[in-house]
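Biologist: Could you walk me through how to read a few features of a structure? Let's take them one at a time.

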Amino acid sequence: MSDWSPAHNTNELIMTQHATILPILIPFAAALLQLAAKGYGIAAQRSIGLISVLLGAAAACWLVQLADTGSVQVYALGNWAAPFGIVLALDRLAAMMVLLTALLSGAALLYASDGFDERGRHFHPLFQLQVVGLQGAFLTGDLFNLFVFFEVMLLASYALLAHGGGMARTRSGLAYVALNLAGSALFLIALGMLYGTLGTLNLADVAQRLQSPDIDIALARLACILLVAVFALKAALLPLSFWLPHAYAAAGAPVAALFVIMTKVGIVSILRVQVIAFAPATATADLLDGWLVPLALATVLFAAAGALAAPRLRDLTAWLVLASAGTLLLVPALPQAMVTAAALYYLMQSTFVAAALFLLAALVAERRGELSDLFQSGPRLHAPWLALAFLLAAASAVGLPPFAGFLGKLMLLQAVRDSAPAAAIWSVLLFAGLLLMLALAKNGGRLFWERSPDHPPAGAHRVGWRRASAVALLVSPALLLTLFAQPVSDYASRTAAQLHDSQAYVSAVLGTKEIKREQRP
Amino acid sequence: MEALFSAAIGILTACGIFLMLRPRTFSLVLGLTLLSYAVNLFLFASGRLRMDAPPLIRDGALYTDPLPQALVLTAIVIGFGMTAYLVMLALRALAESGDDSVDAKEKT
């Protein structure tokens with residue numbers, strides 16, 4: 001045991017050492033407490049949930065600070081060193097995604113605490129468990145552990161998708177669950193093949209083993225590409241993206257807002273395995289070449305066409321999520337750190353903005369009564385702040401200056417300028433942006449400006465402080481990310497630089513000791 | 001043994017995929033169950049097939065890889081829970097639409 005246990009620096013504070021696991025433990029403890037507090041009514045569950053997201057956000061800020069020292073913090077669960085034990089690895093990318101999830105889940109929970117959570121049972125524990133799965137998926141450094149956290153996240157999401165009831169949710173839930181179960185089966189096959197060929201499931205060790213000459217290269221490549229296919233299903237790359245618009249549009253508004261980060265889990269996973277494990281090994285360096293960029297561009301075009309045809313604001317927003325997923329899926333195939341940095345900035349703003357639009361769609365639908373958020377002229381809304389929030393979010397979503405969406409897209413376009421498919425990327429992204437702008441401008445005008453005489457003006461709907469602050473929290477990044485573009489994009493650059501230094505990650509996780517391996521037939 | 005084992009996995013997978021592509025939720029559930037059996041067997045084989053060997057490392061003695069057994073156990077538990085949820089969802093869809101085809105419309 002002493003030989004394998006990680007060498008801990010005794011000078012380190014105990015708390016700093018255990019900080020990495022806090023984003024997973026806090027919501028998990030909250031979920032258990034909420035189940036225990038069920039008898040005390042929904043107010044108790046709400047308070048526990050809100051305390052949990054507050055603590056989670058504080059922990060996430062701390063992790064961002066810890067990760068910004070530049071070293072990869074490795075947390076050995078069970079105190080067995082990698083690759084024998086399971087580790088969590090905190091680098092800047094993980095910390096950034098943890099913070100993003102914490103903020104997004106905070107806003108979604110605030111919104112849901114204003115009545116949505118009473119439309120079904122067990123909303124609060126499920127919500128916290130979904131956060132556990134998301135944070136775990138971003139933090140883990142082990143591929144099988146990634147599978148487990150994916151399943152935690154998915155199981156909670158299945159139940160959250162059905163929350164509130166109704167035929168549409170059951171129906172799209174059934175398709176969503178069946179598809180993801182098939183995806184999980186593929187994930188396990190990929191992991192089995194990876195373990196069979198490489199003898200390890202630790203990401204850093206996989207990276208090292210892929211470079212060794214005595215592996216079965218064909219089988220290893222097959223395992224890697226299966227893994228990418230599973231992540232592409234979660235990230236909704238084109239032939240695997242038909243589930244997304246139905247599932248996201250059917251989910252309740254705060255659930256859909258939280259789901260926005262789920263496609264990002266797939267994208268970040270592809271990025272991580274590609275940059276850390278596949279790209280440095282000659283056997284797998286060309287794994288994503290030639291097919292990922294065309295498919296990602298096709299996803300963007302497909303999403304833009306879908307957005308033009310969307311009948312409701314929530315459908316349109318689901319297509320926007322798909323468009324940003326397609327844009328971000330370009331990145332793993334383009335290995336420059338500069339592209340990654342631009343994409344990370346774009347990822348932040350697109351997550352917030354899409355979540356904000358889901359919440360706004362629900363608020364608009366509530367005021368318009370039976371017209372819901374269908375794009376038809378209807379009653380006057382009497383809500384200038386709602387229109388203003390929509391304007392901000394929509395302008396940032398399509399990338400109009402001076403909002404964060406514009407900066408993100410500009411940085412991305414500039415970063416890909418020297419890559420081979422630059423012409424295709426530029427024309428598709430700009431054309432798709434134009435289509436999305438058309439869709440949002442036309443339909444936004446119809447929702448907020450066109451009045452039809454048949455409908456009496458909408459009654460006064462009071463929006464409580466919780467929902468108002470949730471919307472404010474999600475819309476404000478469109479401005480804040482512009483105002484603080486310099487520090488944020490600097491952080492994104494440092495994140496990308498650290499991610500692309502895959503050797504540093506590998507040696508941080510595995511240490512410098514030689515790993516003795518058995519000879520297998 | 002390898003041939004028998006791989007044939008079993010192949011047949012289970014083929015049946016599972018065939019059933020998954022059927023238009024009824026009942027066959028979908030059955031198909032996913034068969035597929036997860038196949039996957040569990042496949043995972044089990046990833047540590048190599050070895051007869052009459054304990055999953056313990058002793059000096060010089062033959063042993064079998066214990067890790068896939070732990071992986072399979074995790075996969076079984078997760079798959080079981082997921083399938084149970086899918087059955088519940090399928091029953092709810094059946095109750096709401098009176099029809100267990102996967103793209104049924106609402107009962108009118």
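**Reading contacts, burial and an interface**

Modeller: Sure. Setting aside neighbours within four places in sequence, A:A310 has A:D315, A:L316, A:W319 and A:A439 as its contacts. Keep in mind that this is a predicted model.

Biologist: Where does A:A310 sit in chain A?

Modeller: Look in the loop that joins α12 (292–309) to α13 (313–329) of chain A.

Biologist: And is A:A310 buried or exposed?

Modeller: The idea is to count C-beta atoms around the residue: 20 or more others within 10 Å makes it buried. A:A310 has 20 other C-beta atoms within 10 Å, so it counts as buried. For a sense of scale, its C-alpha atom is separated by 47 Å from that of A:Q211, which is 99 residues away along the chain.

Biologist: How do I check a helix, say α4 of chain A?

Modeller: Compare its length with the expected rise. Helix α4 (residues 92–112) of chain A has 21 residues, so at 1.5 Å a residue it should span 30 Å, and its end C-alpha atoms are indeed 30 Å apart. As for cover, 21 of the 21 residues of α4(A) are buried.

Biologist: Now the interface. How many residues of chain B are in contact with chain A?

Modeller: There are 28 from chain B, meeting 23 of chain A. On the chain B side, α2 (25–45) and α3 (67–97) each supply at least two residues. The biggest giver there is α3(B), with 15 residues.

Biologist: What classes of residue make up the side of chain B that touches chain A?

Modeller: That side has 18 nonpolar, 6 polar and 4 charged residues.

Technical notes: Residues are numbered from 1 along each chain as its sequence is written. Chains are lettered from A and ligands numbered from 1 in the order in which they are written. This is a predicted model: local features need pLDDT of at least 70, side-chain atom pairs count only at pLDDT 80 or more; totals for chains, interfaces and linings use all residues. Two residues are in contact if their C-beta atoms, placed from the backbone, lie within 7 Å. Helices (H or I, at least four residues) and strands (E, at least two) are DSSP runs, numbered from the N terminus. Ala, Val, Leu, Ile, Met, Phe, Trp, Tyr, Cys and Pro count as nonpolar, Asp, Glu, Lys and Arg as charged, and the others, Gly among them, as polar. The expected span of a helix is 1.5 Å times one less than its number of residues. A residue is buried if 20 or more other C-beta atoms lie within 10 Å of its own, exposed if 12 or fewer, and partly exposed in between; C-beta atoms are placed from the backbone.
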